[in-house]
Amino acid sequence: MKLFLRDKRFVVSSSILILFCLLAILAPWIAPYSYDAVGVGPNLSPPHFPFIMGTDVLGRDLFSRILYGARLSLAVGFCTALFSLVLGTFTGAIAGYYGGKWDRILMSIVDVFYIFPMLLLAILLTLLLGRGFIGIFLAIGMTTWVSQARLVRALVLQARDLPYVEAGRAMGLSHFQVLFKHIVPNLTGPMIVSLTFQIPNNILTESFLSFIGLGLQPPYSSWGTLANEGFRGIQSYPHLMIFPGLALFITMLAFNFLGDSLRDILDPKSSIGTNHN
Amino acid sequence: MSRYFLKSLFQSFFTLSLLVILTFFLLRLAPGGPFDGDKVWPPEIQANINAKYGLDKPLVTQFGVWVNAIFHGDLNESFHYIGTPVTEIIHEASSASFILGMSALLLSTFFGILLGVLAAWKRGSFLDLSAMFIAISGMTLPAYLVATFLILLFSNLLGWLPPALWEDKKSMILPVITLALRPLAIVARMTRTSLLEVLHSDYIRTAHAKGLKERTIFFKHALKNALIPIVTLLGPIAASLITGSYVVETIFQIPGLGQYFITSVLDRDYPLVMGMTLTYGAVLILCNLLVDLTYGFIDPRIRIGEVRK
């Protein structure tokens with residue numbers, strides 16, 4: 001724990017993220033207005049009291065909308081990362097541990113998803129699954145689990161011949177037990193690190209889907225949706241884009257710094273997070 | 001060596017086929033059709049249209065017809081841009097995307113490596129911190145925010161550069177910068193990490209012990225080895241840059257390939273989607289093969305058969 005608190009990047013970025021998460025969870029109590037309350041203020045007014053971030057084209061309070069947007073953006077980020085963590089870990093662990101036929105079959109599936117143009121896949125899936133939360137969530141999750149699978153496979157390959165695995169087998173544990181009770185828990189460090197880098201990437205992908213009009217449907221609005229609404233009138237009403245963009249940027253920055261510091265602390269030898277695109 | 005190439009070519013071909021099959025059937029599963037519009041056609045007309053484009057046959061037959069056409073160098077006609085062959089659309093759009101992507105690739109590789117080297121050379125200094133701050137910003141800023149910011153600053157405020165269109169050299173500057181920022185950041189971070197790792201290896205210590213100059217060790221001995229993971233990274237980066245970016249092309253009004261990835265799917269323009277997928281897959285495979293070849297030039301010890309992905 002001391003190791004964590006000594007790292008300034010960790011302290012600053014995790015405090016920012018905890019603050020943002022709290023704001024998101026407590027949005028209904030903190031937000032001065034509801035996210036869809038029309039006409040609470042003048043239309044398109046720049047920031048002034050009591051609308052500290054101004055209002056949008058329908059006179060909705062931008063600050064409240066950003067608070068509610070945090071819920072969606074962060075939820076999409078966390079849920080999709082968790083999804084790819086579970087699916088990717090399972091696939092990668094099986095492929096790496098059992099090898100042979102399993103490895104070939106699973107990895108050729110992974111390879112196909114890997115060379116699939118990410119956006120094309122995400123768009124096809126949103127068309128198929130609809131544009132609700134589940135659709136967006138699966139579309140992003142399906143495009144990101146493969147890098148997790150590759151990572152876990154490589155780690156399991158390294159671990160499977162280590163003495164503790166042999167010891168587990170000698171004690172009469174089945175392959176499955178050794179794999180998921182002993183090897184996988186041992187990989188928690190690198191997996192947490194890769195998760196930290198995955199979350200901001202997924203938030204960014206969601207914001208991109210919103211940009212092309214395939215994001216979550218109104219009246220829900222993630223930060224991506226808000227920024228894109230603002231994008232249309234950037235010259236006359238820059239505040240509509242600047243504030244959601246800033247929220248997005250700070251979150252991404254915090255996650256990346258958090259990932260960097262976690263990597264240095266938990267997994268000093270790896271280079272996760274430097275080589276994903 | 002040639003056996004390795006044959007094997008990896010075969011594997012790439014297999015993956016590409018799976019990609020194409022998956023795209024084809026996913027696309028058909030998606031609701032909506034290419035000729036759905038505001039108007040509802042009388043059933044006879046709808047049937048005629050379907051018959052003309054072969055949409056009335058079973059899906060598997062349609063796929064077979066499409067595959068057969070590829071081997072004759074034909075990607076069929078677009079449904080949306082009626083009467084225009086898909087090959088023509090892709091051919092026309094690819095030149096802008098290629099120039100844009102290549103410029104961005106060169107820019108991001110050069111400055112990315114430079115930034116990473118500087119950061120590793122002066123590790124822990126102010127230079128290192130600011131280089132890494134630029135890199136992290138580059139990775140985290142969405143392209144549309146960067147583009148908007150650049151346009152506001154250089155076109156609206158300063159009036160130095162045109163805000164959009166694809167006409168002269170001046171109009172290329174902003175889109176290239178926007179496109180290059182993210183790969184630049186990725187390359188810079190990778191260079192730094194990889195260099196720092198190499199600098200801790202035994203042979204560098206030996207070089208120090210031999211009394212070689214700091215600079216010689218860094219640039220002659222360490223940098224060359226540190227470049228290998230970066231070259232690996234450049235394959236997929238190059239492929240995605242060359243095949244165009246939707247955001248950059250839309251914001252700067254560039255007639256490139258990237259926009260078709262999105263619009264063709266939204267229009268359910270089946271032949272164009274398939275053509276784009278095939279193009280992207282082929283470019284990616286080509287880039288990865290080039291990467292494999294480059295390894296040998298950087299480090300002759302890497303016998304190509306031993307490279308593991």
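Good morning. I begin in chain B, where helix α8(B) is followed by G211(B), a residue with a positive phi near 85 degrees. Please bear in mind throughout that this is a predicted model. Helix α8 of chain B covers residues 202-209, and of its 8 residues the number buried is 0, so the helix lies largely in the open.

I turn now to chain A and to the helix α12(A), which spans residues 239-266. Its partners will occupy most of this talk.

The first partner to discuss is α10(A), residues 188-211. The two helices pack with their axes 8 Å apart, at an angle of about 165 degrees. An angle over 145 degrees counts as roughly antiparallel, and that makes α10(A) roughly antiparallel to α12(A). Their crossing is left-handed. On the α10(A) side, the contact includes G189(A), I192(A), V193(A), T196(A), F197(A), I199(A), P200(A) and I203(A). From α12(A), the contributors include L248(A), T251(A), M252(A), F255(A), N256(A), L258(A) and G259(A), together with R263(A). As for chemical class, the residues of this contact comprise 13 nonpolar, 6 polar and 1 charged. In general, an α-helix has 3.6 residues a turn, so residues three or four places apart point the same way.

The next partner is α4(A), which runs over residues 62-98. Here the axes come within 11 Å and cross at roughly 30 degrees. Angles under 35 degrees count as roughly parallel; α4(A) and α12(A) are therefore roughly parallel to each other. This crossing is right-handed. Four residues of α4(A), namely L62(A), I66(A), G69(A) and A70(A), meet L240(A), F243(A), P244(A) and A247(A) of α12(A). The contact has 7 nonpolar residues and 1 polar residue, with no charged ones.

Finally, I come to the interface between the chains. How many residues does each chain bring to the contact? Chain A gives 32 residues and chain B gives 35. On the chain A side, at least two residues come from each of α5 (100-115), α6 (118-129), α10 and α12. Which of the helices gives the most to that side? It is α12(A), with 7 residues. The side of chain A that touches chain B divides into 22 nonpolar, 9 polar and 1 charged residues.

To summarise, α12(A) packs against α10(A) at about 165 degrees, crosses α4(A) at roughly 30 degrees, and gives the most to the side of chain A that touches chain B. Thank you for your attention.

Definitions and conventions: Residues are numbered from 1 along each chain as its sequence is written. Chains are lettered from A and ligands numbered from 1 in the order in which they are written. This is a predicted model: local features need pLDDT of at least 70, side-chain atom pairs count only at pLDDT 80 or more; totals for chains, interfaces and linings use all residues. Axes are lines fitted to C-alpha atoms, for helices over the stretch in contact, and angles run from 0 to 180 degrees between N-to-C directions. Angles under 35 degrees count as roughly parallel, over 145 as roughly antiparallel, 65 to 115 as roughly perpendicular and the rest as oblique. A crossing is left-handed if the near helix is turned anticlockwise from the far one by less than a right angle, and right-handed if clockwise. Two residues are in contact if their C-beta atoms, placed from the backbone, lie within 7 Å. Ala, Val, Leu, Ile, Met, Phe, Trp, Tyr, Cys and Pro count as nonpolar, Asp, Glu, Lys and Arg as charged, and the others, Gly among them, as polar. A residue is buried if 20 or more other C-beta atoms lie within 10 Å of its own, exposed if 12 or fewer, and partly exposed in between; C-beta atoms are placed from the backbone.
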